[in-house]
Amino acid sequence: MEWIEIFDLSIFRSLLRSTAPIAIVGMAAAMCSAAGVLNIGLEGKMLNAAFAGVYASYTFESVWAGFTAGIIAGLLTAALFGLLSFTLGADEVLAGLAINIFALAGTTYLMRTIFGQAGFFSDPRIVGFEPISVPFLRGTFLEPFLSDFTYSVYLMFVLAILLHTVYYRTRLGTAIRATGENPEAAEDAGINTVRIKWMVTVFSGLLAGISGIFLSLENLTMFTEGMSAGKGYIGLVASSFGNNTPFGTFGASLFFGLGDAIGIRLQGVYELDSRLILMIPYALTVVVLILIGIRQRLRVRPVPINESSIE
Amino acid sequence: MSKDIAIHLKNITKEYPGVVANKNVDFQVFKGEIHALVGENGAGKSTLMKILYGIEQPDEGEILINGELEQINKVETAINLGIGMVHQEFTLVPSFTAPENIGLGQEPRNSQGIIDWKGLNKLVVDIAEKYGFKVDPSLKMIDASVGVQQRTEILKTLYRNANILILDEPTAVLTPQETDELFTVIRTLVDEGKTVVFITHKLREVMEIADRVTVMRAGEVQGVSETKNTSIAELASQMVGREVFLQVKKDEAKPEEEILNVEDLWVHDARGLLAVKGVSLNIRKGEIVGIAGVEGNGQSELVEALTGLRKTSQGSINYLGENIASSSPKNIRRKKIAHIPEDRTNTGLNTQLSIWENLIGNSYFRKPLSTNGIFNLKKIAMHSNKLKEDFDIRAPNISLKVKSLSGGNQQKVVVARELSEDPILTIASQPTRGVDIGNIEAIHEQLVQMRDDGGAVLLVSAELDEVMAVADRVGVMYEGQIVKWVNPKEVDQSQMGLYMAGIKD
């Protein structure tokens, strides 16, 4: 059966691999959205980090140098976003868009001037992440499912649990949610909402940075112009579909990951046009946005008069 | 006086560009008393309290709390000094429960920083019981009644160990019965040693609840008295600087033929919930029909449906024999229905624009104000200046931006515009909200004048006094239904209070 051929162990592993970058940046988006920051600039943060990671890894021939540089790039880009939005009072959407355009043009320019390459840059000196074998899974039936992934997959699980705890069970989490829902109530409770917004923005820079590094130094070790390819935006959609909660965003990201994984798999089985496969995540984004729209409509659905209770 | 002084604001002056909000204000509150702070809108009460609560800084003056000189430059400082404030607009997070809102920012937590939600719930319930009110720890604020929300706000201050509670117009959103409950709570608070500052402009409440009262007018203190040694009349004259009573001179209505006939109208609100549940009413030429009720019982949606701002779900709105339900606002305006909306600054006016631009908002497209889409500025100036004169809009000229006018004058711009098109039916929603007493009288007179000139008027107001004084017939709205029609001359306030709480006879 063809379907059985499609759904096998490798698709499960491919699902987790595809989900990780979206989930990580999605959870960054979720924290921002929960605090009322519409962080469109995640895309640019990822791209800057991906480039900085490749550059440092190539220069120092060390993956951890790349990792550090990528995080710094993510944080700096986040700081720029915060500066524009919170300190200078620019519109968050415009600031985010500016950052994305700037990142796309900036990394393209730097790649051409530093490496003299157009389109993509790949070199044996770029060191990438190696898969890690999880000791306590060794020999168990879970080993083929969950061991020997690179860091991003494990980070995604850890983040989901960690952020869920922070979100619902710490003062910081309630402060973030209060800031997003009613900033005046938060201020009244002595919460510095601007500081909260800065915190989630910087944190999103960290996560988007990490997510970006994994793009360029994990399964591939190369930088491609615009290689974030809308993952920052997809992360935003995932967070919105997941009601800006960590678990919800994780679930929504799995949906995108599944689409991706099935696409890759179909390509092997049916020899579909690869360009069609590449389109899947974006088509899914549209589908999810429609679903979000429908869900909102259902929420405000007028109660049919006959069913309503009138004492 | 040998009593301890909890709050002493000394010689406070605060100036905003163009206005002196507080001028050498001296305000003292004794420990353990209920102190009313009264005054008209814009008298400077709110500014004074914002200074006390650390939201605003005074230009001059000192603040003494329990005899100590304090510098309160942020809200946190005020909270740490044991001052709690319940704002008129509640500051609650809608998706949070009462304990989540009450504990916000100060939740009990273990050494790992994990919040102890159960402990918080218990703490909140205990505090509530101590002061004699109940709280449902699992109810989200979005589903809670206004009264419950207000109690949550009070609990919030108590949770933060407030000893001095400032309540900013707490009764504005309550039914008379809920007000009584609030007063019981306030008395318990004082019995437990708290000090309460009660801001209001309802003098009857001052006499009922307060020990002492400070009256402010135009940024200055007009007098401080013990309530047992003063009277409503005396306080009122201090408030406005002259003797004023809310009375409207009008003759008996002479209603003629029917103008509007609403039958079994059902309307959903913005959240998709039913807000108007089968309202029927009719208005005849030459009468003012009033709709009383606590805000949020469907009045806003009813008015929006009548004026075309909201689609109706069922039922008909027959206006001069034609069903105008779910018709467009412009279409409805063309049929000479005027609308004085409840939200003056967002719906009624564009405050960024000038007086004249606002005045021609409903007539700019017709001759002689414009021809072929071009304004005739001279005609517009004549038209606007005439309205300014007729409706006594106090402004140096008609090019002034509306936002620089006082609330009362802004409202006069709305009224002037709406009444300028000779409406057959005038729908006025909260027409005197935030308007000072002098202008309230003027607006009431204009509504009565409309009636006497053969117009039909629908007056929707949360101010019971206003509906009772101006309207010829009054329907009481409760949870989307008109529960009772009354003749305002034949019922008293407490009777109305019961109807407003949904209790029919």
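In this predicted model, the buried residues of helix H13 of chain B pack against three elements of chain B, namely helix H12 (355-359), strand S18 (374-375) and helix H14 (407-419). The points below take up this helix, and then the contact between chain A and chain B.

**Helix H13 of chain B**

- Helix H13 of chain B runs through residues 377-390, and because each residue should add 1.5 Å, its 14 residues should span 20 Å, a value that agrees with the 20 Å separating its end C-alpha atoms.
- The residues of H13(B) that count as buried are B:Ile380, B:His383, B:Ser384, B:Leu387 and B:Lys388.
- Viewed down the axis of H13(B), these buried residues fall within an arc of 135°, and so they line one face of the helix.
- In general, an α-helix has 3.6 residues a turn, so residues three or four places apart point the same way.
- B:Lys378 and B:Glu389 are exposed, and they sit on the face of H13(B) that is turned away from its buried side.
- After H13(B) comes B:Asp392, a residue with a positive phi, near 55°.

**The contact between chain A and chain B**

- Chain A contributes 21 residues to the contact, while chain B contributes 25 residues.
- On the side of chain A that touches chain B, helix H8 (171-181) and helix H9 (183-188) of chain A each supply at least two residues, and the largest share, five residues, comes from H8(A).
- By character, the residues on this side of chain A divide into ten nonpolar, five polar and six charged.

Definitions and conventions: Residues are numbered from 1 along each chain as its sequence is written. Chains are lettered from A and ligands numbered from 1 in the order in which they are written. This is a predicted model: local features need pLDDT of at least 70, side-chain atom pairs count only at pLDDT 80 or more; totals for chains, interfaces and linings use all residues. Helices (H or I, at least four residues) and strands (E, at least two) are DSSP runs, numbered from the N terminus. The expected span of a helix is 1.5 Å times one less than its number of residues. A residue is buried if 20 or more other C-beta atoms lie within 10 Å of its own, exposed if 12 or fewer, and partly exposed in between; C-beta atoms are placed from the backbone. The arc is that of the directions from the helix axis to the C-beta atoms. Two residues are in contact if their C-beta atoms, placed from the backbone, lie within 7 Å. Ala, Val, Leu, Ile, Met, Phe, Trp, Tyr, Cys and Pro count as nonpolar, Asp, Glu, Lys and Arg as charged, and the others, Gly among them, as polar.
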